[in-house]
Amino acid sequence: MTGELTAALAAEYAAIFAYGPIGVKLTGAEQTEARAAEAAHRTLRDALVLALDASAVPPAAPAYTLPEPVVDRAAALRVAVGVEEKAAAVWRAALPATTGPQRRQALDALTGCAVRATRWRRRAEVTPLTVPFPGKTP
Amino acid sequence: MVLTDLVRDGDEKDKDHHRVRRRAVLALGASLAMGSVAGCGLLDRDPDPPPAPDALLPLADQAVTLAGLYGLAAADFPDRAATLTPIAEAHAAHAQELARIMATPAPSPSAAAGTAADGIEARVETLRTAEKAAYDAAVAACLAAPDHRAALVGSIAAARATHLEALK
């Protein structure tokens with residue numbers, strides 16, 4: 001189980017990092033949404049740090065590679081969709097390795113990421129807004 | 001010469017041996033065939049009870065029903081089809097994937113409730129109510145699922161949540 005949760009933690013670190021530059025290129029309600037998304041990923045990170053043994057918690061890297069430079073609003077929305085899809089994939093992968101309250105946590109995390117990806121697609125006017133199997137990688 | 005005869009004798013013995021074995025195999029096959037007829041229940045007086053329905057059957061039922069509801073709504077309200085059609089397709093894909101892994105037969109499509117007279121708002125409300133119930137069921141099913149089913153059922157639960165978001 002530790003392997004899947006460590007992978008989820010790495011994805012959460014990367015998501016928190018990405019929302020910094022994303023938020024800078026957004027304004028108004030979109031910026032508020034980006035801050036809320038970042039806060040949600042911080043909550044997920046904190047829960048993972050608590051769930052993992054202190055010795056198994058890798059530290060966050062100083063920087064993470066973004067799929068493209070966040071130069072404007074359009075790029076910020078694209079990167080935000082990608083961040084949520086990536087995080088959804090690691091949480092989906094964690095489901096078979098969990099039981100009880102931890103599975104509930106992983107499912108809520110997967111669902112939260114999938115719903116935020118849908119919101120960002122709507123902001124970016126990407127269709128379809130939804131994917132058939134959130135978190136499933138081809 | 002003697003050696004050749006010995007070899008030939010050996011060959012013929014092998015042939016005899018094969019013939020005997022072939023008859024034995026045929027006899028075994030016939031008895032297996034009889035056994036399988038009996039297993040079909042034709043000769044059984046006390047057939048086994050049918051297996052319990054798969055735990056995922058309600059989810060598959062919902063997916064089939066929702067695929068129909070969204071499909072009808074997309075046909076009745078073409079200006080919303082860009083949102084509704086992919087959701088109908090997602091539910092159909094869920095039904096197909098669930099049918100693939102279930103031990104018992106998949107549900108057959110049932111006629112969706114005829115609500116064509118309703119306006120778009122009422123129809124979306126109907127979809128939202130059905131989707132919310134289906135989401136709750138999928139969450140419960142994911143939490144109860146064995147490990148090898150958790151990812152698929154979890155994805156279906158998350159997908160249903162995104163459908164509620166897309167309906168907003």
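**Exercise 1. Find the partner of A:Arg103 in a salt bridge, then place that pair in the contact between the chains.**

*Step 1.* A salt bridge here is a side-chain nitrogen of Lys or Arg within 4 Å of a carboxyl oxygen of Asp or Glu. Look across to chain B: A:Arg103 and B:Asp147 join their side chains in a salt bridge, at 3.0 Å from N to O. Side chains of opposite charge can pair when their charged atoms come close.

*Step 2.* A word on what you are viewing: this is a predicted model, in which local features need pLDDT of at least 70, side-chain atom pairs count only at pLDDT 80 or more, and totals for chains, interfaces and linings use all residues. Residues are numbered from 1 along each chain as its sequence is written, chains are lettered from A and ligands numbered from 1 in the order in which they are written, and side-chain values use heavy atoms, with hydrogens and water left out.

*Step 3.* Now try another pair: A:Arg119 and B:Glu165 form a salt bridge at 3.1 Å, N to O. This pair crosses between chains, running from helix H4 of chain A to helix H5 (residues 147–166) of chain B. Helices are DSSP runs (H or I, at least four residues), numbered from the N terminus.

*Step 4.* Count them up: the interface of chain A and chain B has three salt bridges, and the count over all chains is 18.

**Exercise 2. Describe the side of chain A that touches chain B.**

*Step 1.* With contact taken as heavy atoms within 4.5 Å, 22 residues of chain A and 29 residues of chain B take part.

*Step 2.* Together the two chains bury about 2100 Å², 65% of it on carbon and sulfur atoms. Buried area is the accessible area (1.4 Å probe) that two parts lose on being put together, summed over both. Of the area that chain A buries against chain B, 26% comes from A:Arg103, A:Leu107 and A:Phe133, more than from any other three residues.

*Step 3.* Helix H4 (residues 100–123) of chain A gives the most to this side, with 10 residues. By class, the side has 12 nonpolar, four polar and six charged residues. Ala, Val, Leu, Ile, Met, Phe, Trp, Tyr, Cys and Pro count as nonpolar, Asp, Glu, Lys and Arg as charged, and the others, Gly among them, as polar.

**Exercise 3. Work out what lines the largest pocket and the second largest pocket.**

*Step 1.* On a 1 Å grid over the protein atoms alone, where a 1.4 Å probe fits, a pocket is an open set of points with protein on both sides within 12 Å along at least five of seven lines, and lining residues have an atom within 4 Å of a point. A volume is the space filled by probe spheres set on the points, which are joined across faces, edges and corners.

*Step 2.* The largest pocket holds about 280 Å³. Its lining has 15 residues, with A:Ala14, A:Ala15, A:Thr65, A:Val83 and A:Lys86 nearest the centre. H1(A) provides the largest share, six residues. The lining divides into 12 nonpolar, two polar and one charged residues.

*Step 3.* The second largest pocket has about 150 Å³ and 17 lining residues, among them A:Glu85 and A:Arg121. Here H4(A) gives the most, five residues. By class, this lining has nine nonpolar, five polar and three charged residues.

Notes:
Helices (H or I, at least four residues) and strands (E, at least two) are DSSP runs, numbered from the N terminus.
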